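Got your viewer open? Take a moment to look the chain over from any angle you like, and then we'll start clicking on things together.

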Amino acid sequence: QFIDTFSDDTKLGTQTTVDRISGYVASVYSVSATGKFVSDSNTSFLLHSDATDGNTTFTDSSSNTHTISQGASGGCEHSTDYPPPSYLGATAIHGNGSGFLYAAGSSDWNFGTGDWTIEFWQYVNGTAPAGDRSISWGAGGTKEIFIRPKWTDADWIRIYEQDGKGSSTWAAGSYGSDPSQGNWTHLAYTRDGTTLRYYVNGVHQTAGGVYPLTWGADYNTFTASLPLDILGSTPNGEYAASNVYLTEIRISKGICRYPSGT
């Protein structure tokens with residue numbers, strides 16, 4: 001990355017892969033010309049939503065090309081009900097409240113002891129019921145990660161990691177207001193060395209002193225048998241309500257894309 005200072009665009013030259021932001025020039029990477037994520041060597045999974053309204057075909061755009069299937073009652077589609085900003089595509093991923101999408105268990109979900117990044121864009125039309133799952137691995141009593149759009153009326157975005165011992169939740173982060181209610185919001189969850197961080201619209205969250213966290217030894221691995229669930233989890237019967245919309249879901253293995261709280 002190269003950064004220099006310019007007062008305006010004079011003599012700046014071509015801005016194909018750079019842009020001037022508040023007087024600085026910063027390189028642009030891992031994003032296509034339209035603003036959507038692009039796959040690279042660390043991308044384990046990448047799901048766009050840029051299709052026709054009602055389309056029910058979902059494709060992993062990473063080099064791994066994981067098969068994406070409908071689970072439970074199905075009913076997931078690409079929707080124009082609440083489309084994201086145009087640079088993210090024409091549609092958003094939408095469920096009927098009793099179905100979900102999943103990609104089968106894979107070593108790509110076994111993060112080992114390395115860094116990782118889980119990120120996506122989310123919109124909630126109104127208020128999501130408590131207990132929904134936006135992104136999920138595993139079920140109660142296993143090593144798992146899951147992200148909820150809401151937990152209680154006072155706790156919105158909520159993250160869980162469980163230790164696989166079938167006992168208590170190791171850590172949970174909650175936030176006092178729902179940033180994605182009526183807004184398209186970028187959410188990112190990372191492991192950076194032994195530190196866990198959570199970002200909302202690029203801002204590192206430290207609500208209630210919960211984050212950043214230190215990743216414990218009991219949480220170092222997932223198993224290849226755990227599926228990646230989107231908009232729900234069949235083992236727990238917790239499906240995202242029909243007013244939750246997602247897009248640009250990217251799972252990265254071996255890299256923290258937003259290190260050091262930046």
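**Stop 1: a buried charged pair**

Select Glu-119 and Arg-250: both of these residues are buried. Keep in mind as you click around that this is a predicted model. Now zoom in on the two side chains, where you'll find a salt bridge, with the closest N and O atoms 2.9 Å apart. Glu-119 sits in strand 9 (residues 116-124) and Arg-250 in strand 19, so this pair ties together parts that are 131 residues apart in sequence. Why do such pairs form at all? Side chains of opposite charge can pair when their charged atoms come close.

How many salt bridges does the count come to? Five. Let's visit another two of them.

**Stop 2: Arg-257 and Asp-40**

Next, select Arg-257, in the segment after strand 19, and Asp-40, in the loop between strand 3 and strand 4. Their side chains meet in a salt bridge, 2.8 Å from N to O. Along the chain, these partners are 217 residues apart. Is Arg-257 buried or exposed? With a relative accessible area of 9%, Arg-257 counts as buried because the cut-off is under 20%. Asp-40 is partly exposed, at 27%.

**Stop 3: Asp-50 and Lys-36**

Move on to Asp-50 and show Lys-36 along with it. These two form a salt bridge, and their closest N and O atoms are 3.0 Å apart. You'll find Asp-50 in the loop between strand 4 (43-47) and strand 5 (68-72), while Lys-36 is in the loop between strand 3 (24-27) and strand 4. The two residues are 14 apart along the chain. Lys-36 is buried, at 15% relative accessibility, whereas Asp-50 is partly exposed, at 44%.

**Stop 4: Asn-243 and its neighbours**

For the last stop, select Asn-243, in the loop between strand 18 (228-230) and strand 19 (244-253). Asn-243 is buried, with a relative accessible area of 14%.

Which residues is Asn-243 in contact with, leaving aside its neighbours within four places in sequence? Add Tyr-123, Val-124, Asn-125, Gly-126, Thr-127, Ala-128 and Pro-129 to your selection, and you have them. Now pick out Thr-127: its C-alpha atom is 7.8 Å from that of Asn-243, although the two residues are 116 apart along the chain. Look between them, too, and you'll see that a polar atom of the Asn-243 side chain lies 3.0 Å from the backbone oxygen of Thr-127.

Technical notes:
Residues are numbered from 1 along each chain as its sequence is written. This is a predicted model: local features need pLDDT of at least 70, side-chain atom pairs count only at pLDDT 80 or more; totals for chains, interfaces and linings use all residues. Side-chain values use heavy atoms; hydrogens and water are left out. Helices (H or I, at least four residues) and strands (E, at least two) are DSSP runs, numbered from the N terminus. Buried means under 20% relative accessible area, exposed over 50%, partly exposed in between (1.4 Å probe, protein chains only). Contact means heavy atoms within 4.5 Å. A polar contact is a pair of N or O atoms within 3.5 Å; within protein, one must be able to donate a hydrogen and the other to accept it, and residues adjacent in sequence count only if both atoms are side-chain atoms. A salt bridge is a side-chain nitrogen of Lys or Arg within 4 Å of a carboxyl oxygen of Asp or Glu.
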